[in-house]
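This report describes the fold, the helix packing, the buried residues and the unusual backbone geometry of one protein chain. Please keep the sequence and the structure in view while reading.

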Amino acid sequence: MNYKSFSDLSKDIKSNLHKIPKDVSLVVGIPRSGLLAANLMAIYLNLPLTDIDSFIKGQILSSCFRADGFEDNAFKGKILIVDDSVATGKAIVDAKEKLADIIAQQQFQLLFCCVYADPEKQHLVDIPLLTLGRPRVFEWNLFHNKVMEKACVDIDGVLCIDPTEEENDDGEKYLEFLLTANPHILPKRKIHTLVTTRLEKYRSNTEDWLKRHGIEYNELVMLNLPDKATRKKMNNRGAYKAAEFKKRKNNVLFIESDRRQALKIHELSGKDVYCVDTNEMFSGNTNRFSRVLLNNSRRLYKKFRKVLKSFF
């Protein structure tokens, strides 16, 4: 799974600015992800910014800039039309259709640009900054992406905040938490499978919360143990989640909040895992260094504890 974060987007744009002609006078973003990339380009190039509808009306988003005289020279010469990526090419094609009259008038030279282009679709733009194959997801669209339909997703720490130690009492306070838990991330796509270490006896409470917040899913997998004390004896929750993930052959991504569990799920399943807390995608061998570092940290921690005990 090819993954790009907000930080990657900024770095990739900045390191490829040399591909953009020096005489561009205005940056136009294709809503909505294209505006994110266009905004960064406009800032780095010190150029005015607008969106397609405003461009057609002859307006720029001047409130985003200081009074640098942009209004006087923005609408001339080369205009850069920007999207964050080209996958199917639909957004670029739609943008060209929307700008058909302006293109026909030949008043401006419109240059179509994207940050990430599918190798087979890069011909649709004049300036692809980078090629990036599929499957791919971005930090800014992960929870709106079709990949959610092939994903396993944890609940606590992902869809809602984690319960505090006080709330996690397996009693009245926990029931109150299940009822009132604050949402964290609410996906816009239907999730294939929810995999949680919540106990099976709390299924109805969990289903009520999910329904109340409009979260759609195909399956809810819960831990079939009698109580919190029994669950605490589990040596590795990541192994449980990995097993559920692995048995679902068509699921390609697991979304987890805890980094240690995310690494374990990745190692045991051999499939891609995204960690919400650290904004990392564990995919293939790209995170081997992270796993080695974590394992070394564990060994150092154990040695440190032994040293401490020797003094007492």
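## Basis and overall make-up

Helices and strands are here DSSP runs, with at least four residues for a helix and at least two for a strand, and they are numbered from the N terminus. The model is predicted, and local features are described where pLDDT is at least 70.

By that assignment the protein chain has twelve helices and 13 strands. Of its 312 residues, 45% are buried. Among the contacts in the chain with a separation of 6 or more, 63% join residues that are 24 or more positions apart.

## Nonpolar cores

The largest nonpolar core contains 46 residues, and Val153, Leu159, Leu253 and Ile255 are those with the most contacts inside it. If residues up to four places away in sequence are not counted, Ile255 touches Leu142, Phe143, Met148, Cys152, Val153, Asp154, Val158, Tyr274 and Val276. A second core, separate from the largest one, has 23 residues, including Leu9, Leu17, Ala38 and Phe138. As a general background, nonpolar side chains in soluble globular proteins tend to be buried together.

## Two helix pairs

Helix H1 (residues 6–14) and helix H2 (residues 33–45) have axes that come within 10 Å and cross at roughly 45 degrees, and the two helices are therefore oblique to each other. The crossing of H1 with H2 is right-handed. On the H1 side the contact involves Phe6, Leu9, Ser10, Ile13 and Lys14, which meet Leu36, Ala37, Leu40, Met41 and Tyr44 of H2. By class, these residues divide into eight nonpolar, one polar and one charged.

Helix H10 (residues 237–247) and helix H11 (residues 259–269) also cross at roughly 45 degrees, with axes that come within 8 Å, so that H10 and H11 are oblique to each other. Their crossing is right-handed. H10 contributes Arg237, Gly238, Ala239, Lys241, Ala242, Phe245 and Lys246 to the contact, while H11 contributes Gln261, Lys264, Ile265, Leu268 and Ser269. The contact of H10 with H11 is made up of five nonpolar, three polar and four charged residues.

## Buried residues in their surroundings

Phe138, which is one of the residues of the second core, is placed in strand S7 (residues 136–138). Its relative accessible area is 2%, and because buried means under 20%, Phe138 counts as buried. Apart from neighbours within four places in sequence, Phe138 is in contact with Tyr3, Lys4, Asp84, Ser85, Tyr116 and Leu132. The C-alpha atom of Phe138 is separated by 8.4 Å from that of Asn2, although these two residues are 136 residues apart along the chain.

Ala95 lies in helix H5 (residues 90–98) and is likewise buried, with a relative accessible area of 4%. When residues up to four places away in sequence are not counted, Ala95 touches Ile30, Ile52 and Phe112. From C-alpha to C-alpha, Ala95 and Val82 are 9.8 Å apart in space, and they are 13 residues apart in sequence.

## The loop between S8 and H7

Asn168 is found in the loop between strand S8 (151–153) and helix H7 (172–180). With a relative accessibility of 18%, Asn168 counts as buried. Outside its neighbours within four places in sequence, Asn168 is in contact with Pro163, Tyr174, Lys228 and Arg231.

Asp170 also lies in the loop between S8 and H7, and it has a positive phi of about 60 degrees although it is not a glycine.

## Other backbone features

Most residues other than glycine have a negative phi, and most peptide bonds are trans. Against that background, Asn279 has a positive phi, near 55 degrees. Asn279 is placed in the loop between strand S12 (272–275) and strand S13 (280–282), and it is partly exposed, with a relative accessible area of 24%.

Two peptide bonds are of interest here. The bond from Pro31 to Arg32 is cis, with omega near -5 degrees, and Arg32 lies in the loop between strand S2 (24–29) and H2. The bond from Arg134 to Pro135 is cis as well, with omega near 5 degrees, and Pro135 is located in the loop between strand S6 (127–131) and S7.

Technical notes: Residues are numbered from 1 along each chain as its sequence is written. This is a predicted model: local features need pLDDT of at least 70, side-chain atom pairs count only at pLDDT 80 or more; totals for chains, interfaces and linings use all residues. Side-chain values use heavy atoms; hydrogens and water are left out. Axes are lines fitted to C-alpha atoms, for helices over the stretch in contact, and angles run from 0 to 180 degrees between N-to-C directions. Angles under 35 degrees count as roughly parallel, over 145 as roughly antiparallel, 65 to 115 as roughly perpendicular and the rest as oblique. A crossing is left-handed if the near helix is turned anticlockwise from the far one by less than a right angle, and right-handed if clockwise. Contact means heavy atoms within 4.5 Å. Ala, Val, Leu, Ile, Met, Phe, Trp, Tyr, Cys and Pro count as nonpolar, Asp, Glu, Lys and Arg as charged, and the others, Gly among them, as polar. Buried means under 20% relative accessible area, exposed over 50%, partly exposed in between (1.4 Å probe, protein chains only). A nonpolar core is a set of buried Ala, Val, Leu, Ile, Met, Phe, Trp, Tyr and Cys residues joined through side-chain atoms within 4.5 Å.
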